[in-house]
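Student: Hey, can you walk me through this one? I've got the picture up.
Tutor: Sure, ask away.

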Amino acid sequence: MIDTDKRHHVVTIDVNGVRRAASVEARKLLVHWLRDDLGLTGTHVGCDTSQCGACTVDIDGQAVKSCTILAVMADGSRITTIEGLVPGGGALHPVQAAFHEHHALQCGFCTPGMIMAVRQLLEQNPHPTESEIRHGLAGNICRCTGYNNIVRAVESLSLEAHRHD
Ligand code: FES
Ligand code: FES
């Protein structure tokens, strides 16, 4: 729906289980709407070239770099950010717990986007090989860890999935 001044659009988006109806500036990127308007600052901005993946969120079951789409393009969708990964909060999501256990982060800047990407990777392929993990996370840049512990964390989740097969 177009607002009266034509530069804003009214959108309705489910964010972390809460229905949000808002008037959004047409040019506003989704990542800025999440961070600046909703205060969900766990979704990070690490570049202006759509390369780092720090802004990754889940939109209707797909991991999406939220700096690559406008907020108005998400109208009608269901979004999960890092804050909504565990409904009700409290316990860590299994991917978060694996990152903690395997020291898969240092500064933590890439971590929210990395975790959202890992979550999707494991949904699509519960038992990825090391090269599949590295390929699957190629869109997420980490400047600290050298990736090895991230790969180990994902491998541990793969092993865990094997135990439950
Ligand atoms: S901020 Fe979105 S890819 Fe870097
Ligand atoms: S832990 Fe610092 S960028 Fe990944």
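Student: Let's start with His93: buried or exposed?
Tutor: His93 counts as buried, because its relative accessibility is 16%. The cut-offs are under 20% relative accessible area for buried, over 50% for exposed, and partly exposed in between, using a 1.4 Å probe and protein chains only.

Student: Anything I should know about the model before we go on?
Tutor: Yes, this is a predicted model, where local features need pLDDT of at least 70 and side-chain atom pairs count only at pLDDT 80 or more, while totals for chains, interfaces and linings use all residues. Residues are numbered from 1 along each chain as its sequence is written, chains are lettered from A and ligands numbered from 1 in written order, and side-chain values use heavy atoms, with hydrogens and water left out.

Student: Ok, back to His93. Where does His93 lie, and what is His93 in contact with, leaving aside its neighbours within four places in sequence?
Tutor: His93 lies in the loop between strand 5 and helix 2 (94-101). With neighbours within four places left aside, its contacts are Leu85, Val86 and Arg119. Contact means heavy atoms within 4.5 Å. Helices (H or I, at least four residues) and strands (E, at least two) are DSSP runs, numbered from the N terminus.

Student: And the strands, in what order do they sit in the sheet?
Tutor: The order is 2-1-5-3-4, five strands in an open sheet with mixed pairing. Strand 2 (18-25) and strand 4 (62-65) are at the edges with a single partner strand each, so one side of each has no neighbour in the sheet. From one strand to the next, the twist averages 40°. Axes here are lines fitted to C-alpha atoms, for helices over the stretch in contact, and angles run from 0 to 180 degrees between N-to-C directions.

Student: How many bridges are there between strand 1 and strand 2?
Tutor: Eight bridges, with strand 1 (residues 8-15) and strand 2 running in the antiparallel sense. Two strands pair if DSSP finds at least two bridges between them. Thr12 stands opposite Ala21 in strand 2, and Ile13 has Arg20 as its bridge partner there. The hairpin of these two strands has two residues between them, and Asn16 in that hairpin takes a positive phi near 55°.

Student: Is a positive phi odd?
Tutor: Most residues other than glycine have a negative phi. Ser50 isn't a glycine, yet its phi is positive at about 60°; Ser50 sits in the loop between helix 1 and strand 3. His103, also not a glycine, has a positive phi of about 50° and is found in the loop between helix 2 and helix 3. Gly39, which follows helix 1, has a positive phi near 75°.

Student: Switching topic: which residues are buried in helix 1?
Tutor: Leu30, Val31, Trp33 and Leu34 are buried in helix 1 (residues 30-37). Looking down the axis of helix 1, the buried residues fall within an arc of 170°, so they line one face of the helix. That arc is the one of the directions from the helix axis to the C-beta atoms. Strand 1, strand 2, strand 3 and strand 5 are among what covers those buried residues.

Student: How many salt bridges does the structure hold?
Tutor: Five. A salt bridge is a side-chain nitrogen of Lys or Arg within 4 Å of a carboxyl oxygen of Asp or Glu. One of them joins Asp14 and Arg78, with the closest N and O atoms 3.7 Å apart. Asp14 is in strand 1 and Arg78 in strand 5, so the pair ties together parts 64 residues apart in sequence. Asp14 is buried at 15% relative accessible area, whereas Arg78 is exposed at 54%.

Student: Arg119 came up earlier. What does Arg119 form a salt bridge with?
Tutor: Asp58, with the closest N and O atoms 3.2 Å apart. Asp58 lies in strand 3 and Arg119 in helix 3, so this pair ties together parts 61 residues apart in sequence. Both residues, Asp58 and Arg119, are buried.

Student: And which strands does helix 3 lie across?
Tutor: Helix 3 (residues 111-124) lies across strand 3 (56-59), strand 4 and strand 5 (78-80), at about 45° to strand 3.
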